[in-house]
Amino acid sequence: MISKKTVAIYILLGGSLVFPLAGFLLRPIYFESLRNHSTVRILTKEGTLIGRGKNLNQTKQDWESIQEYPNFVPEIIKIAEDKRFDSHHGVDLFAGSNSLRSYFFSKGKRGGASTITMQLVRIQNPEIRSYPFFLRKVFEMVEALRYEVWLTKAEILEAYLNSVSIHSNIVGFPSASLTLFGKHIRFLSIEETVYLSVLIRKNKPTLEELSIRYKNLCERIPYEIPILKDPNELTVDPNFRSKYDFTEHWKGENHHFLNWIRKLISVPSEEFVSSLSSELNSDLHSIVNSELAGLARWNVSNASAIVLERVPGKEDELELKAMIGSKNFFEDGDGMVNGSLAYRDAGSTLKPLLYAVAIEKGYYNINSIFSDEKYSFSLGQGGNYLPRNADLRYWGDLTLAEALGNSRNIPAVTAINQMSVTTFYRFLLAAGFSHLKESPQFYGPGLALGAGGTSLLQLVRAYGSFPLNGILPKIRLGKIDKKPLYYGSSTRLFSGETAEEIKFVLKDPKLRQRAFGRRSYLDFPFPVSIKTGTSKDYRNSWTVAFNENYVVGAWVGNFSGERTMDVSGSFGAGRIVQNIFRSLMKDKPKQDYTSNFTETKSFCRLTGKLALEKCPSIVLRVRKKIIHSEFCDKHKEGAKSSVLGVGFVYPSMGQVYLYHPSYERETQSIPIRIREIKTLKDPKLVWNGEKEFTPSTNGDLRLPIIRGKQSLVLYDGEQQKAFVDFEVK
């Protein structure tokens, strides 16, 4: 007879096992937590699937409700994997005993007997694969009991069908159905369901194994199913000797956008409907490749293009409609490089932004006069900067509008020096140029000519501020869970008046005619504002154009950085933008710009003042708030005054020259040029307060090189007109 003490001990021992087990089973499991590995379906605006996001396991996994599956799918899976699924509670004791007996006494030593619930446990806890066999099985059984306590059979089956590995990195029946058969799960056939069920046990079977497993499963299913001689005929996966490759429908032009979006989507969701138009992107892809075929002889191998569209009723956002990263995503080598996101020397493309901030800060007006002369700009202790124009010529005095329209370099460097490199640097950071990690002094005045670099996406977004009245737009990429997904945030960069003035300058073909000719790829049969850029040695060709509805940008060059054969922005990228814009505006009304802040006035090209009858005039749109009442005094009868006045073109104040002892001193003389010397009656130069020189009638002179600090003073008779200090080291 068992004593009471022994009974108490048994109760305590039993309790020590039962209570922890009960506590474990009572820990809740939430159905939503089982979806943590599902990936987002990424669709175009037209609803075309272009791919999926990726989860932490780098697998593709869709998730569909059990109601979306045909009724026979769960039944076939239960026959194939767990025929007593509806009657057991997570662990099939009968199948388990048979499996143990087979494992110990059968020559084949067949293990297994995992129920669907136990398989789901293994899927949700991949780390247990490293456990010893028996420990892993115990964990699976105990956890399966907990799943059965907290989840319904339908939830377990739904989670399993959406999570089970089918083939390679394809997870779940929905992903497998789309990838292998090109159809939604609700349209899956019985034969296809049998096929996918066979792949669960062996992801990559041989043809013989596939046929045997398919036939065996068909014999156990109470439906009339054709026994195919080659079940492989069901699939279109390229790894299975496909008769047709469904992936050909997913053309490469969308893949650069797809890979970029995958990095941006961080919110778990079933579906992301992008703003990208697959139809427009296909058109862009054709245009890019057609133009590249013609540019190949100029040593051009690649190009990128972007289209942004205005969102109706939104004054602070644009929508991404198309993105082409390269000529062929699947090309060996650099095909997968997304050229629209890569950073390169920006050339002259930043000049509209430079002049916009200079006008906004009050340094200049759109009719201000610049001197396009040979200048050497002091860099302080770092030496001097001698910019050159692309044509290596100097045009003399011209308005800001003409300097921008014709993309003159020296006026741009003059502007950045006037307002300081730091001011423009901070403006670019505010405009989204976050890649500028060095100090303003690192880039120097070359920042005005694109030395800091840019990406095509960054550039078209910044240009979007002109049609949006000075507001830097956020870029709408689509909707996820019915909420918009944006790239960047909106902020005001400059006023609507400044934006409109720059917009009209870039639209006027007459303003750029001197540099680009009467006919070029920058001219359109409808209103378009346009700017080009060409980096040093013709390595990068840029063009950005916009009107009231679209912003279009293109880059042309070589991903390797190799220089092209003198392909400029107007010729290379300009051709692509021309074709894209014509395609966008086909069958659309060719409406001119509306003017909200500016009015038309005629100015003298040489003084920037209101033009008289004898003035070489230019018509500009200027803001209404400024009263232009002063007329030109240069072209009055007998007038000889200059708007800029007399002064030194070079040397500049503080300029440093270097003397090289290995060269003859006579070959290292210092060049001097004086502006407007013809307005002086008795010009003379005094060097270092001692020597006196008379400059030539055109204002040129050369001084012998002598080390030390130097000074030059210009006189007209006894009246001092200008002075400059420089140094020779």
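**Close-up 1. Tyr715 and its partner across the strand pair.** In this predicted model, Tyr715 sits opposite Gln720, a residue of β29. The two strands on show here are β28, covering residues 708-716, and β29, covering residues 719-728. They run antiparallel, and nine bridges hold the pairing together on paper.

**Close-up 2. The open sheet around β28 and β29.** Pull back a bit and you get five strands in an open sheet, ordered β23-β29-β28-β25-β26. The pairing is mixed. At the edges are β23 (655-657) and β26 (691-693), each of which pairs on one side only. Going from one strand to the next, the twist averages 30°. As a quick reminder, strands of a sheet pair through backbone hydrogen bonds, and they can do so parallel or antiparallel.

**Close-up 3. The middle of the second largest pocket.** Now for some empty space: the second largest pocket holds about 1,000 Å³ of it. The lining is made up of 31 residues, and the ones closest to the centre of the pocket are Ser348, Asn389, Ala390, Asn409 and Thr534.

**Close-up 4. Who lines the second largest pocket.** Which strand gives the most to this lining? That would be β17, with four residues. Both β17 (529-534) and α19 (513-516) supply at least two residues each. Sorted by class, the lining of the second largest pocket comes out as 14 polar, nine nonpolar and eight charged residues.

Key:
Residues numbered from 1 in each chain as written. Predicted model: local features only at pLDDT ≥ 70, side-chain atom pairs only at ≥ 80, totals over all residues. Heavy atoms only, no water. 1 Å grid on protein atoms, 1.4 Å probe; cavity = no way out; pocket = protein on both sides within 12 Å on 5 of 7 lines; lining within 4 Å. Points joined across faces, edges and corners; volume = space filled by probe spheres on them. Nonpolar A, V, L, I, M, F, W, Y, C, P; charged D, E, K, R; others polar. Pairing = 2+ DSSP bridges. Axes fitted to C-alpha atoms, helices over the stretch in contact; angles between N-to-C directions.
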